[in-house]
Amino acid sequence: PESSDMSSLELLAWALLILVLLRALVSLEQIYSLLRPDAPSPPPLSGVPRVLLRKAALTLKGAVYLVLSRDKVSSSALRRTIDPAELEPSRVTREVRLIFVRHGESVWNLVFNRGFGPSFLWRLLSTLLHELLLVPVDDSAFLDSPLSPLGLQQCGQLATFLAQPCVEGEVAERDHRAL
């Protein structure tokens, strides 16, 4: 008899916990809409489990890829690359200028690539709190990470750099300075 009382008490506790969590999700939805009024409306509360499952599946897939990936470049592979000085000048028929552009700093980079000193814990906790705000919506600070404020600034600098005409004598100095 005591075990059935305990299980009904546990059942009641779980039901209350679920109600509190649902209320918290509704509050987070309201806060999110205040913070980002231009953002698309979040899915209905019934869609939250689908969003959570999608985020969990993406996180699991990313973790498995990170562990099993063979996309790592070793120092010996880097040493095997061709040295441009070894190329014969007669084989070069024309020069083409390529500019490789990578995305600016993302929120992920902000949290994990600035070192693990004293500020790491603050960056991690503040981003995790932001992630909690994004739980009920199909958005994330970690999955398909948006640009950080510095990343947005870097995009502006890149746009300014690319808008400048390319003058033969100034190219090398300007490229090094801007990028």
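Me: How many salt bridges does the structure hold?
Reply: This is a predicted model, and the count is taken from its atoms. Side chains of opposite charge can pair when their charged atoms come close. In this structure the number of salt bridges is one.

Me: Which side chain meets R114 in a salt bridge?
Reply: A salt bridge needs a side-chain nitrogen of Lys or Arg within 4 Å of a carboxyl oxygen of Asp or Glu. For R114 the N to O distance is 2.9 Å. The partner is E105.

Me: Does E105 count as buried or exposed?
Reply: Buried means under 20% relative accessible area. R114, at 43%, counts as partly exposed. E105 has a relative accessibility of 11%, so the residue counts as buried.

Me: How many helices does the chain have?
Reply: Read along the sequence, the pattern is α-α-α-α-α-α-α. The chain has zero strands. The number of helices is seven.

Me: What percentage of the residues of the chain count as buried?
Reply: The chain has 179 residues. A residue is buried if its relative accessible area is under 20%. The share that counts as buried is 21%.

Me: Among contacts between residues at least 6 apart in sequence, what percentage join residues at least 24 apart?
Reply: The contacts considered here are those in the chain between residues at least 6 apart in sequence. The share of them joining residues at least 24 apart is 60%.

Me: How many aromatic pairs does the structure hold?
Reply: A pair of aromatic rings is described by the distance of the centres and the angle of the planes. Rings pair if their centres lie within 6.5 Å. The structure holds a number of such pairs equal to five.

Me: Why is the pair of F112 and F120 described as it is, and what is the word for it?
Reply: The ring centres of F112 and F120 are 6.1 Å apart, and the planes lie at 55°. Planes under 30 degrees apart count as stacked and over 60 as edge-to-face. The angle of 55° fits neither class, so the pair is tilted.

Me: Which residue forms an edge-to-face aromatic pair with F120?
Reply: F120 is buried, with a relative accessible area of 16%. Its edge-to-face pair has 4.8 Å centre to centre and 65° between the planes. The partner is F116.

Me: Which residues form one aromatic cluster?
Reply: F112, partly exposed at 23% relative accessible area, belongs to the cluster. F116 is exposed, at 61%, and is also a member. The full list is W108, F112, F116, F120 and F142.

Me: Which elements give two or more residues to the largest nonpolar core?
Reply: The largest nonpolar core has seven residues: V107, V111, F120, L124, L134, V137 and A141. The elements that give two or more residues to this core are α4 (107-112) and α5 (118-133).

Me: With which residues is T127 in contact, leaving aside its neighbours within four places in sequence?
Reply: T127 is found in helix α5. T127 is buried, with a relative accessible area of 7%. Its contacts beyond those neighbours are V107, V111, A141 and F142.

Me: Which helix gives the largest share of the lining of the largest pocket?
Reply: About 470 Å³ of space lies in the largest pocket. The pocket is lined by 13 residues, with G62, A63, W108, F142 and L143 nearest its centre. The largest share of the lining, six residues, comes from helix α2.

Note on methods. Residues are numbered from 1 along each chain as its sequence is written. This is a predicted model: local features need pLDDT of at least 70, side-chain atom pairs count only at pLDDT 80 or more; totals for chains, interfaces and linings use all residues. Side-chain values use heavy atoms; hydrogens and water are left out. Rings of Phe, Tyr and Trp (its six-membered ring) pair if their centres lie within 6.5 Å; planes under 30 degrees apart count as stacked, over 60 as edge-to-face and the rest as tilted. Buried means under 20% relative accessible area, exposed over 50%, partly exposed in between (1.4 Å probe, protein chains only). A nonpolar core is a set of buried Ala, Val, Leu, Ile, Met, Phe, Trp, Tyr and Cys residues joined through side-chain atoms within 4.5 Å. Helices (H or I, at least four residues) and strands (E, at least two) are DSSP runs, numbered from the N terminus. On a 1 Å grid over the protein atoms alone, a cavity is a set of points where a 1.4 Å probe fits but cannot get out, and a pocket is an open set with protein on both sides within 12 Å along at least five of seven lines; lining residues have an atom within 4 Å of a point. Grid points are joined across faces, edges and corners, and a volume is the space filled by probe spheres set on the points. Contact means heavy atoms within 4.5 Å.
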